[in-house]
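User: I'd like a close look at a single part of this protein, with enough of the whole around it to make sense of the detail. Could you walk me through it?

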Amino acid sequence: MNLKKYFTLAIISAASAFTVWAQNPVIRDQFSADPTARVFNGKVYVFPSHDIPAPPNKNLRENWFCMPDYHVFSSENLSDWTDHGVIVSQNKVPWGDSTSYSMWAPDCIERNGKYYFYFPANKNVAGPNGRKGFGIGVAIADNPEGPYVPEENAIDGIFGIDPNVLIDKDGQAYLYYSMGNIYVAKLKENMTELASKPVAIDNLPEKGMKEGPFVFERNGKYYLTFPHVENKTERLEYAMGDSPEGPFTMTGVIMDESETGCWTNHHSMIEYNNQWYLFYHHNDYSPQFDKNRSVCIDSLFFNADGTIQKVIPTKRGVGLTAANEKIQLDRYSDKSENVKIVFNDTTNTFAGWKTVLENKDAWISYNAVNFEKKNTGKVVVNARALNGGKVELRIDALDGPVLAEISVRKGTEMTVSKTKISKVKPGIHNLFVVAANNNPVEIDWISFE
């Protein structure tokens, strides 16, 4: 395990005053996908799409994406997220087909005190070619939380999905979107009309689906990032250039294909409190159906030459975890092979996961826990062991000092128990939980008081 990496993340988080627990996925009560993150007024706002199970009797495509509306979420620490509710619904878009459930990946940008929310949807009137197809519309608000009022018409001259907007340093706004290719066009000052015809961006992969562009500028370089199906599922790739319209040169991979076969990924990047982050999605809460996805966050780093270091997705996510919060070990930093992560309730996956230590010496680690003086008395564990079990709680390393030996009583139900611990030096520590006998132990969470 790369302890140096996790200590580094802990230091970064501490400097940013992240003092509450965090884990992936970050939105835990509904499905969410295609996250566009923005920093407005010192907060991070995430504008994702909203997956739902397809409602019956709606004449919808079977086993396909079903997306009726958009929520917006905000946070000051990337751990605690506030849901501000629905900001745009398919039922309230004048030009949209209210029966299509096709509110796909959106974006939002601020200009002159107004917030412009860009979203794709199926049109309710056929165009010149006889097809309804996808348009991109704009809804406008005075605050990032809304309320947003959709424009009467979609942006004229666009047939596509996945809008993304960049306002360059000279004030010129650019709209990027996808439909087979990735396109770019200038926007007028009003942010609702095109100032130039869309142009397909050259020098991108010709084979395999490309979609979901997200463009940003850093140190004078422009990064065109996008999901691309190189093989069977999407991975996140990027190209670099010297201007918002290119030319761009393909540069590398940001995140590899999902190991579990999730067909899509979609993302955004922001810098917040001097640290860059990658927002993306995965089907953690819906492992058998990859059209129901959830937003995740991991730290993003650049090399000295400006290229992006590949991001390895984690369960642990970003930020510190306060020791007196419920620490979800299943959102682990590392684990041994004889540890399983399973749902608490397979009929309600939003109830989260539990950790199963299968036999002696099985271990799991959870890094970057913030201990204060008041967090040094007892460890509280919610666990069960059919035949009774015992685990050791260690600190900072797998062979580190033992904080406590925890006995889990024999039983069929999860039971909360408390055990005294050795004194912990205040600060940031990594935790290791190790099975001390061969009886399997299931742990829902641990905490300190």
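Analyst: Let's start from the outside. The accessible surface of the protein comes to about 19,400 Å², and carbon and sulfur atoms account for 47% of that. Keep in mind that this is a predicted model.

The part to zoom in on is Met269, which sits in strand β17, residues 268–272. Is Met269 buried or exposed? Its relative accessibility is just 3%, and anything under 20% is classed as buried, so Met269 counts as buried.

What does Met269 touch, once residues up to four places away in sequence are set aside? On the earlier side of the chain there are Phe214, Phe216, Thr225 and Ile254. On the later side, Met269 is in contact with Trp276, Tyr277, Leu278, Leu300 and Ile308. For a distance to go with that, take Ile297: it is 28 residues from Met269 along the chain, and their C-alpha atoms are separated by 9.6 Å.

Thr192 makes a handy second stop. Thr192 is in a loop, the one between β11 (181–187) and β12 (199–200). With a relative accessible area of 16%, Thr192 is buried too, since the cut-off is under 20%. Leaving out residues up to four places away in sequence, Thr192 touches Val138, Ile140, Glu151 and Ile155.

Now for the setting. Overall, 57% of the 449 residues count as buried. The secondary structure comes to one helix and 30 strands. The radius of gyration is 23 Å, close to the 22 Å that the globule rule gives for 449 residues, so the protein is as compact as a globular protein of that length. Along the principal axes, the C-alpha atoms fill a box of roughly 70 × 55 × 40 Å. Contacts also reach across the sequence: among those between residues at least 6 apart, 60% join residues at least 24 apart.

As a general point, nonpolar side chains in soluble globular proteins tend to be buried together. In this model, the largest nonpolar core has 31 residues, and Leu357, Val379, Ile443, Ile446 and Phe448 touch the most other members. Strands that each supply at least two residues of this core include β24 (363–371), β25 (378–384) and β30 (441–448). There is also a second, separate core of 19 residues, with Phe40, Tyr70, Cys108 and Ala141 among them.

Last, the charges: the protein has 46 positive and 54 negative ones, and their mean positions are 5 Å apart.

Note on methods
Residues are numbered from 1 along each chain as its sequence is written. This is a predicted model: local features need pLDDT of at least 70, side-chain atom pairs count only at pLDDT 80 or more; totals for chains, interfaces and linings use all residues. Side-chain values use heavy atoms; hydrogens and water are left out. Helices (H or I, at least four residues) and strands (E, at least two) are DSSP runs, numbered from the N terminus. The radius of gyration is taken over C-alpha atoms; the globule rule is 2.2 Å times the number of residues to the power 0.38. Buried means under 20% relative accessible area, exposed over 50%, partly exposed in between (1.4 Å probe, protein chains only). Contact means heavy atoms within 4.5 Å. Accessible areas come from the Shrake-Rupley method with a 1.4 Å probe; for residues, only the protein chains shown count as cover. Lys and Arg count as positive and Asp and Glu as negative; His and the chain ends are not counted. The place of a charge is taken as NZ of Lys, CZ of Arg, CG of Asp or CD of Glu. A nonpolar core is a set of buried Ala, Val, Leu, Ile, Met, Phe, Trp, Tyr and Cys residues joined through side-chain atoms within 4.5 Å.
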